[in-house]
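Please open the model in a viewer and keep the selection panel at hand. The tour below proceeds from one selection to the next.

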Amino acid sequence: MAILDIDNLSMVFGGLTALDKVSLSLEKGSITAVIGPNGAGKTTLFNCITGLYKPSSGSVTFKGKRINGMKPYKIAALGLGRTFQNIELFNKMSTMDNLLLGRHLHMHTGIFSGSTFFRRGSRAAAEEIAHRQKVEEIIDFLDLQHARDRFVGGLPYGTQKVVELGRALATEPEVLLLDEPVAGMNMEEKQDLMIWLSDIKEELGITLLVIEHDMRLVMEISDEVMVLNYGEPIAQGKPEDVQNHPEVLKAYLGEDSVAGAA
Ligand SMILES: Nc1ncnc2c1ncn2[C@@H]1O[C@H](COP(=O)(O)OP(=O)(O)OP(=O)(O)O)[C@@H](O)[C@H]1O
Ligand SMILES: [Mg+2]
């Protein structure tokens, strides 16, 4: 059974159909890439899955439960994590504290509330230690020691992207949605991220849905690829099959180049 099942999902804004009957199933422990030109509806798909947008029609089923129409925080609490195309972190907080905020979903006693800490005594203290330990593991996993105690706003862009990935991991998702995880990264950072994504799948067993423009990364890491164009899925399948699909070449390179290549 698919861990995440999207069935005939459509999203209409006024007169614009941003998603047109999109269906997609994610197998547990797989990496699926969503590609397509700018404005194709990729981020809209993520917003519909995570509850930021209420789809116009169709359904999203996560672990057998229909989730469309549910509030974003409830969907997140079921084990669906995400990162954003434009980094959404607290710039004036350290990497450590940003990741601790990711633990918020799992907290029974607010760790930032001193009064709770003292009232509940050792239970809160034990919980805080466990959360910090979890965050330290993620910091090690993503090689973020150098950034651990620094303000996120002062870190290089590529490192901020990694911190955002770390915060998403801190929520301990079963399915993780990444919106352009390597955009703006240099070659070395991209290389590292590629390895981490494979490790996230292999070692942590997390199912990934990744929006990405970098074709080399898509071809290298994905088990499945879906291509969107003007909200419509125009190709779906194994990376090698999708890569040379005539509709895909047309959407990416324009009509003439396909005619020329034929
Ligand atoms: N809240 C909204 N209200 C109105 N139109 C929207 C809204 N969100 C997205 N759109 C429109 O839906 C279409 C798809 O946008 P979306 O951001 O999903 O594209 P994308 O594939 O993520 O593009 P990019 O590669 O540039 O990030 C665009 O035409 C966009 O203007
Ligand atoms: Mg987008």
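Begin by selecting strand E3 (residues 31-35) and strand E9 (residues 224-229), which run parallel and are joined by 4 bridges. Strands, like helices, are DSSP runs numbered from the N terminus, with at least two residues (E) for a strand and at least four (H or I) for a helix; two strands pair if DSSP finds at least two bridges between them. Within this pair, Val 34 has Met 226 in E9 as its bridge partner.

Before continuing, note that this is a predicted model, in which local features need pLDDT of at least 70, side-chain atom pairs count only at pLDDT 80 or more, and totals for chains, interfaces and linings use all residues. Residues are numbered from 1 along each chain as its sequence is written, while chains are lettered from A and ligands numbered from 1 in the order in which they are written.

**E9 and its surroundings**

Keep E9 selected and display its side chains. 6 of the 6 residues of E9 are buried, so the strand is largely enclosed by the rest of the structure. A residue is buried if 20 or more other C-beta atoms lie within 10 Å of its own, exposed if 12 or fewer, and partly exposed in between, with C-beta atoms placed from the backbone. Glu 224, Met 226 and Leu 228 lie on one covered face of E9, and Val 225, Val 227 and Asn 229 on the other.

Next, add strand E10 (residues 232-237), which runs antiparallel to E9 and is joined to it by 5 bridges. Val 225 stands opposite Gly 237 in E10. In the hairpin of these two strands, 2 residues lie between them, and Tyr 230 takes a positive phi near 45°.

Now centre the view on Val 227. Apart from neighbours within four places in sequence, Val 227 is in contact with Ile 35, Gly 36, Pro 233, Ile 234, Ala 235, Val 242, Val 248 and Ala 251. Contact requires that the C-beta atoms of two residues, placed from the backbone, lie within 7 Å.

**The nonpolar core**

Which residues touch the most other members of the largest nonpolar core? They are Val 34, Leu 208 and Val 227, in a core of 63 residues. Helix H6 (residues 157-170) gives the most to this core, with 6 residues. A nonpolar core is a set of buried Ala, Val, Leu, Ile, Met, Phe, Trp, Tyr and Cys residues joined through C-beta atoms within 7 Å.

With H6 in view, select helix H3 (residues 95-102), in which 6 of the 8 residues are buried. The buried residues of H3 are covered by elements including helix H5 (122-141) and H6.

**The open sheet**

Move to the open sheet of 4 strands, whose order is E2-E1-E4-E5 with antiparallel pairing. Its edge strands are E2 and strand E5 (65-66), each pairing on one side only. Strand E1 (residues 4-13) pairs with E2 over 7 bridges; Ile 6 has Leu 24 as its bridge partner in E2, and Leu 9 has Val 22. The hairpin of E1 and E2 has 2 residues between the strands, and Gly 14 in its turn has a positive phi of about 55°. E1 is also joined by 5 bridges to strand E4 (residues 57-62), where Asp 7 stands opposite Ser 59.

**Ligand 1 and helix H1**

Select ligand 1 and the residues around it: Phe 13, Leu 16, Ala 18, Gly 36, Asn 38, Gly 39, Ala 40, Gly 41, Lys 42, Thr 43, Thr 44 and Gln 85. A residue is near the ligand if its C-beta atom, placed from the backbone, lies within 6 Å of it. Strand E2 (16-26) and helix H1 (42-49) are the elements that give two or more residues to this shell, and H1 supplies the largest share, 3 residues.

Extend the selection along H1, where 8 of the 8 residues are buried. Just after H1, Gly 51 takes a positive phi of about 90°. Tyr 53 follows in the loop between H1 and E4. Is Tyr 53 buried or partly exposed? Tyr 53 is partly exposed, because 19 other C-beta atoms lie within 10 Å. Beyond neighbours within four places in sequence, Tyr 53 is in contact with Met 11, Thr 44, Asn 47 and Cys 48.
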